[in-house]
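User: I should like a close look at one part of the model shown below, followed by an account of how that part fits into the whole.

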Number of protein chains: 2
Amino acid sequence: MPVAEIIAVGTELLTPNKSDTNSLWLTSRLNECGVEVKLKTIVGDDSLRLEEAVRDAFGRSEIVITTGGLGPTEDDITRKTTAEAVDRDLVFHQELLDDLRRKFKKFGYEMPEKNRQQAFLIDGAESLPNPNGSAVGMLFRSNGRILVVLPGPPRELKPMFDEYVWPVVSDMAGGVVVVRKSLRVTGLGESRLDELIAPIYTKYENPATSTLFSKTDIEVQFTATASTADAAKALNEKLAHEVAGVLGAAVFSDDGESMEVVVGRALSEKKLTLAVAESCTGGLVAKRLTDIPGSSDFMVEGFVTYSNDAKTERLGVPKMAIDKHGAVSAEVAEAMAAGARDRAGSDIAVSITGIAGPGGGSREKPVGTVYIGFADRDSCFSRLLNLPGDRDLIRWRSSQAALDLIRRRIMNRDGK
Amino acid sequence: MPVAEIIAVGTELLTPNKSDTNSLWLTSRLNECGVEVKLKTIVGDDSLRLEEAVRDAFGRSEIVITTGGLGPTEDDITRKTTAEAVDRDLVFHQELLDDLRRKFKKFGYEMPEKNRQQAFLIDGAESLPNPNGSAVGMLFRSNGRILVVLPGPPRELKPMFDEYVWPVVSDMAGGVVVVRKSLRVTGLGESRLDELIAPIYTKYENPATSTLFSKTDIEVQFTATASTADAAKALNEKLAHEVAGVLGAAVFSDDGESMEVVVGRALSEKKLTLAVAESCTGGLVAKRLTDIPGSSDFMVEGFVTYSNDAKTERLGVPKMAIDKHGAVSAEVAEAMAAGARDRAGSDIAVSITGIAGPGGGSREKPVGTVYIGFADRDSCFSRLLNLPGDRDLIRWRSSQAALDLIRRRIMNRDGK
C-alpha cells in the first residue's frame, strides 16, 4: 500500500493561533482508500526549507501533497520551489493564462500582471483546474510516485482533490475502499461499554472497532475495508447492527447526528411540543434545541429560573418545597417540570436544577448533584445525577441527560 | 536570533481527528523570547522517519523540540531514536531509576519492569524532571544548539518547558522579551476600525500592531519587544492607551476577558440585577451569562419566549402589537424587555427578537433582522440590527449586541 506525506505551506501556520486543518481533511480522504499518512510538515514561506521538505518527502513516500502558497504574491513560493525540489523547470502555458484572463474578465477586472506566474507549471505536470480560485494545482508523476500541489483555501482544495487526485490515489491503492460508521452513545461509562460490546467486535478483524471518549461524547467507530464502498458499508452495517442490539436505547444516533437534532426530529414527528425549565444550566438546553433550524415547530418556551423567587413565581414551585428540600431536590425538579408544562401549555416539559460549581456544594449535595425533572400528560418524575467535571462539563452533561430523558420517553425506549 | 523547529511524535497525530496542539503552546512561549518557529513536523511512532526528521532539524536549526513518545511501551521510540539522530548512545542512570521506583511506590505500586527504559538518557544530556508523570525529559547541547525532548501530555510538558527550557532558550535569544497585549473590540467593521487606529499604530514599529478578525471577535493585538518584560509591557500599555482613546466604548476588554465576564462583573459591582427575554437566540444570552461562576449574584431570570403565545402570556407583550408590527419589531422588543423587567422584578432587562434563518425571512424583514430591547428604571428602547451570517452567527452576534448594550448602559459609555 502506498503511503502519503502532507506538506502545509504558509508562515501563518507557524503562529501560536493557527493550525493546519487541511491535512486533517486530506488524511480522512486518503484513509478512505486505505492510504496512511506517515508524516506531516508545516513550513513557512521559506524556499530553502520547503525545497528540502518536498525533496525528502518525494524521496521516501509514494504520495506527496502540498497545500498553500500558490497565490500571485511574492510570498507564494510553492510553484517555483516544488519544481526545484523535483529538478524540473517551470513551463509557461498560454492556455492557462488565457483562462486566467477570462476568469478575471468575468468579474469585471483586468488580470493583474503578477497573476501571470499562475500560468506556469512544473515541466511534465498535469494542471488541476480550480473552479473556485485563480490558482491551478499540479499533479506531477515520477517513477510511480505522485507530487500533488494544491492551493490552501479549503473551498478550493477540497473539490480539486476529490475530482482530480482521489481517482489517481485510489488507483495507486489498488482500488481498496475504507468506510467508517459510528454509533453515538450516551449514559454508559467506558468500562461498562467495553464489557458489553467487546464480545461482539473482537470476533471481527474487518471492520476494525474503536471507541472514542471525549468529554462530552462517546462514539463507537467501525472501519471497514473492501473492494467497493457498498461492500464496506455492508460490513459496517452488519457489525453496527449487532453492537446496537446489545446497547439498546443507549445508542442515540447511527449517522453522526447530535442529541438535539435527534430529539428535535422525534418531537416534530410525533407533533409534540416542549417547554424547558432550567436553573443551573441557565438556558443551555433551550439554546441547544433552538440551534436547530425550524425548532419553533416544537419549542414553545424556556424558563431560566435562576433565582428561587423565579422558580416560585414563574413556575409555581411551592416556596415550602424549596425551604424544606432545597432548590436542588427531586421535589423542586418535579414541580419545575410540572409548572413549566402547565404554564407553557406544552405536551412535555423537562427541568434541571443542580449545583454546577465551583461554589455552592455541601457534604450532602456536593458540586455535580443535579436533578432532572420530567412531566407529560401521564406522569411527573425526576432523576438524580452525580456528575463529575468542572462547571462547563457539569452543565453540558446535565443538558445532555435532560435531552436524553426526552428522547427515551417519547421513543418509548425506556420504562421510566 | 536562533530559530526553532518542533517535532511532534505519535501515530494518533496522523489521524483525521487529532491535531498537534502542543506546538501552538510552545510556539507562543518561544515567540515570547523572540524565537520564531520555522518548521513543524508531525511523525508517527516510526523510528526511521523520526530519526531523519530529528537529524535534519538539528542540522539546520538552533533549537529543536520533540514532544511525545517517551512512555514505557514499545511504541515509545523517541528516547532511543533521538539518541541515534545525534549519534550518541543511551546511558543508564541509576538515580533516575531510583526516582521512578519511589514515584510508583508513593502511589502504592511496584514499578513495572518496562518503565526501566525511562531511566536512560542520551549520553551527555541533562535530565529534565517531570513532577506530573514518569517520563523525564532531556536537554542535549551540541555546538551551541539544543535538542529538547519532552513528553506529550500538556500537563507534563508545559511546566517542564517553563522551568527548565525557557531560561536556556531565553538566554540563547539574548534575553530579549516579547510581550503581547490585546484590546477586544465590538461594534466596528474592519475598515472603519483601521481608519480610526492606523494613524496611531503606524507611528510605532515597536510594538507591532495587528488586527485579528474572527467570526465572533475583533482583537487589536500589540507585540512589544524589549530587554525586560516590564519594559515591553510599558511599550504595549502606552500604545494600547492611545488606541483605546480613539476607540472609546468600542473596547470592551483590555485583558482578554469575554463580553459576558465584563458585563457580569459590571452588574455585580453596581449591584444591579438582570432579566433576559429571548426569542431567536433561544437562551443563548442566559447561557453565556450563567457560564460565569457566581452569576446568581446578578442573574434573576431568563424568558425563552419562542412562540408568540409565550411572549404574550409570559411577558405581557400585547397581542395587538404582534399582530400589527410582527413578532420581530421594535414594539415587541421593547414590550418584551419591559415585561421581563416587570415580571422578574429586576433592575434591568434586555430582550432579543429576530430572524436567525435559514427560513422565516421576507423582503421587508430579511434573515438577519434583529431587534434588541432594553428596559431599566428610566427608559425603554430598542435597536435594529441587520446582521450578516448563517443561523449560528446571527444568533451569536445578536447575543453579543445584547450584552454590549447592557455594558454600555451601565458603564455610561453611551448616550442611548
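How many bridges join β6(A) to strand β7 (residues 137–142) of chain A, and do the two run parallel or antiparallel?

Analyst: β6(A) and β7(A) are joined by 3 bridges and run antiparallel. Within this pair, Leu128(A) is placed opposite Gly137(A) of β7(A). Strands here, like helices, are DSSP runs numbered from the N terminus (E over at least two residues for a strand, H or I over at least four for a helix). Two strands count as paired if DSSP finds at least two bridges between them.

The model is a predicted one, in which local features need pLDDT of at least 70 and side-chain atom pairs count only at pLDDT 80 or more, while totals for chains, interfaces and linings use all residues. Residues are numbered from 1 along each chain as its sequence is written, and chains are lettered from A and ligands numbered from 1 in the order in which they are written. The pLDDT expresses the predictor's confidence in each residue on a scale from 0 to 100. Chain A has a mean pLDDT of 93, with 99% of its residues at 70 or more. For the complex, the predictor gives an ipTM of 0.75 and a pTM of 0.78.

From β7(A) the chain passes into β8(A): these two strands form a hairpin with 2 residues between them, and Asn143(A) in the turn has a positive phi of about 50°. The two arms of the hairpin run antiparallel and share 5 bridges. Arg141(A) has Ile146(A) of β8(A) as its bridge partner. Ile146(A) is also the bridge partner of Ile63(A). That second pairing belongs to strand β3 (residues 63–67) of chain A, which runs parallel to strand β8 (residues 145–150) of chain A and is joined to it by 5 bridges.

These strands belong to an open sheet of 12 strands with mixed pairing, in the order β6(A)-β7(A)-β8(A)-β3(A)-β1(A)-β2(A)-β2(B)-β1(B)-β3(B)-β8(B)-β7(B)-β6(B). Its edge strands are β6 (126–128) of chain A and β6 (126–128) of chain B, each of which pairs on one side only. The twist from one strand to the next averages 15°; the angles are taken between N-to-C directions, from 0 to 180 degrees, along lines fitted to C-alpha atoms (for helices, over the stretch in contact).

The sheet passes from one chain to the other where strand β2 (residues 36–43) of chain A meets β2(B): the two run antiparallel and are joined by 5 bridges. There Leu39(A) faces Val43(B) of β2(B). In the interface as a whole, 42 residues of chain B are in contact with 41 residues of chain A, contact being defined as C-beta atoms, placed from the backbone, within 7 Å. On the side of chain B that touches chain A, β2(B) supplies the largest share, 7 residues. That side comprises 18 nonpolar, 16 polar and 8 charged residues. In this division, Ala, Val, Leu, Ile, Met, Phe, Trp, Tyr, Cys and Pro count as nonpolar, Asp, Glu, Lys and Arg as charged, and the others, Gly among them, as polar. On chain B, α1(B) lies across β1 (3–9), β2 and β3 (63–67), at about 160° to β1(B).

The relation between the chains can also be stated. A turn of 180° with a shift of 0.1 Å along the axis lays chain B on chain A with an RMSD of 0.1 Å, the superposition being by least squares on the C-alpha atoms of residues with pLDDT of at least 70 in both copies. The two copies are therefore related as by a two-fold rotation axis. The same surface serves both, since 98% of the contact residues of chain B recur in chain A.

Chain A contains 13 helices and 17 strands. Its C-alpha trace spans about 85 × 55 × 40 Å along the principal axes. The radius of gyration of chain A is 28 Å, well over the 22 Å given by the globule rule for 416 residues, so chain A is more spread out than a compact globule. This radius is taken over C-alpha atoms, and the rule is 2.2 Å times the number of residues to the power 0.38.

Another hairpin in chain A is formed by β16(A) and β17(A), with 4 residues between them. Strands β16 (residues 369–375) and β17 (residues 380–386) of chain A pair in the antiparallel sense over 7 bridges, and Ile372(A) has Arg383(A) of β17(A) as its bridge partner.

Conventions:
Two residues are in contact if their C-beta atoms, placed from the backbone, lie within 7 Å.
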